[in-house]
Amino acid sequence: MTRPERGSGSWKRLAAFSAIAAVPTALDVSILAALRVGWGWPLIVADVAAIALASVTSYLLHRATARRANPYARWVQAPLAFVMVAVVAGGVDVFVLRLLFTATGYESIGGVVLAKLIAVGCAVLVRIAGYRYILADLVRENRVPGGPRDLPGSQRLSVVIPAYREPVRIAETVTRIRHELRDIQDHGGLEIIVVDDGSGDGTADAARDAGADQVLVQPQNRGKGAAVRSGVLASNGQVVCFTDADLAYDPPHLRRVLSMVEGGWDVVIGSRRHPDSVVSRSSGLRLIGSIVVNRISGAVLLARPLDTQCGLKGFRGDVARHVFAQARIDGFAFDIEVLHLVERAGWSLIEIPVELDESDEPSTVRIGRDVVQLAMDMLRIRRWSTSGAYDAVARPQSST
């Protein structure tokens, strides 16, 4: 799989971003200093004038340089929202600056510049929060389902099961899915795909013996993201779901996901934090890991779901294959990358409640190591998203 280029391109983008941020700030500070100290304008009047000119400059620079596909820059396409955020942030700037002058009586150029930089810092925090709200609102507006439609694919439902060292449970999982979803098999077709993630034991043979339609074997252990990606790209389903090898989410969940995608939703994901979910057992380690991941997923997702890491997700088949053709992350952050790709494309998404009875097997998550890797992967996702690395594959059109 092609990986994004590294090196000078990243540094050029960082330099360009820094310049776009620095120019309006320098203009804001210098105009205030000139008007206040040089020409003796009243403090508030001078500050408002500086803020107005800097805001216009900032908008024009971002408008001229932002890539339209970059989801983190879409706020420049909403001028009225930009103005509203700029007014609120400007008010904070003026208030903080006035407060500092009242407390300290700064009058020299150095004092004015210092006070202004503090006020700008406070205003920047307000701008970030405001733009974030705008972007999240734009995402939510797109989460509207279509109606029932015919979907491309030779099978009605494909179920992808990533498996690592599961020689005992995988056979039971395949057999149970086949048995409980036999009506889907009889009316449209059911495809079960097991991906052995480099187990090096009898997992693949057990899946074949149990009757899996496809058994893919990774030459080495690469991670759940890589396993799910391989399975999805090999699928033929009109609807594609993936679930865990321990079948913590029983087959009726797959039936519900299928029904909702066929009813018009592009993406349906399970949520353990949905108010109607029932979680009968959950280890403290898994719970902590889920909370940590969900908290920091906001670095990538604009309108993040309640539960990014639930092991049950379903997609319109062409959407799934499009998303996973672009996906690059092999580890735990793959769910966040997938949801980011769904978000940036504007596909409809809904969370559904689940009933979960987790296995007694110890968790393979190592909080320290995996959280560090997760953070690094999310930085990569942001970089790839803003640089155009996710733009290569054309978005499939909705079927009607």
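Which residue of β3 is the bridge partner of Val-195? In this predicted model, that partner is Leu-216, and the views below begin with the strands around Val-195 before turning to the aromatic rings.

**View 1. Strand β2 between its pairing partners β1 and β3.** Strand β1, residues 155-163, pairs with β2 in the parallel sense, and the pairing extends over 7 bridges. Strand β3, residues 214-217, also runs parallel to β2, to which it is joined by 4 bridges. Val-195 can be followed across both pairings, since its bridge partner in β1 is Pro-162, while its bridge partner in β3 is Leu-216. Between β2 and β3 lies helix α7, residues 203-210, and these three elements make a right-handed β-α-β unit.

**View 2. The two faces of strand β2.** In a regular strand, side chains alternate between the two faces of the sheet. Here Leu-190, Ile-192, Val-194 and Asp-196 point one way from β2, whereas Glu-191, Ile-193 and Val-195 point the other way, and the residues of both sets are buried. Because 7 of the 7 residues of β2, spanning 190-196, are buried, this strand is largely enclosed by the rest of the structure.

**View 3. A tilted aromatic pair joining helices α2 and α3.** The structure holds 7 aromatic pairs. One of them is formed by Tyr-59 and Phe-82, whose rings are tilted, with 4.8 Å from centre to centre and 50° between the planes. This pair links distant parts of the chain, for Tyr-59 belongs to helix α2 (residues 43-65) and Phe-82 to helix α3 (residues 79-104), the two residues being 23 residues apart. Tyr-59 has a relative accessible area of 14%, and Phe-82 one of 6%; because both values fall under the 20% cut-off, both residues count as buried.

**View 4. Trp-384 with an aromatic and a charged neighbour.** Trp-384 and Tyr-390 form an edge-to-face aromatic pair, with a centre-to-centre distance of 6.3 Å and an angle of 85° between the planes. Both Trp-384 and Tyr-390 are buried. The ring of Trp-384 is also the site of a contact with a charge, as the charged end of Arg-328 sits over this ring, 5.5 Å from its centre.

**View 5. A cluster of phenylalanine rings.** Phe-242, Phe-315, Phe-324 and Phe-334 are linked by ring pairs into a cluster.

Note on methods. Residues numbered from 1 in each chain as written. Predicted model: local features only at pLDDT ≥ 70, side-chain atom pairs only at ≥ 80, totals over all residues. Heavy atoms only, no water. Buried < 20%, exposed > 50% of the residue type's maximum accessible area, 1.4 Å probe, protein only. Pairing = 2+ DSSP bridges. Right-handed = clockwise from strand over helix to strand, strands pointing away. Phe/Tyr/Trp six-rings, centres within 6.5 Å; stacked < 30°, edge-to-face > 60°. Lys NZ or Arg CZ within 6 Å of the ring centre and 35° of its normal.
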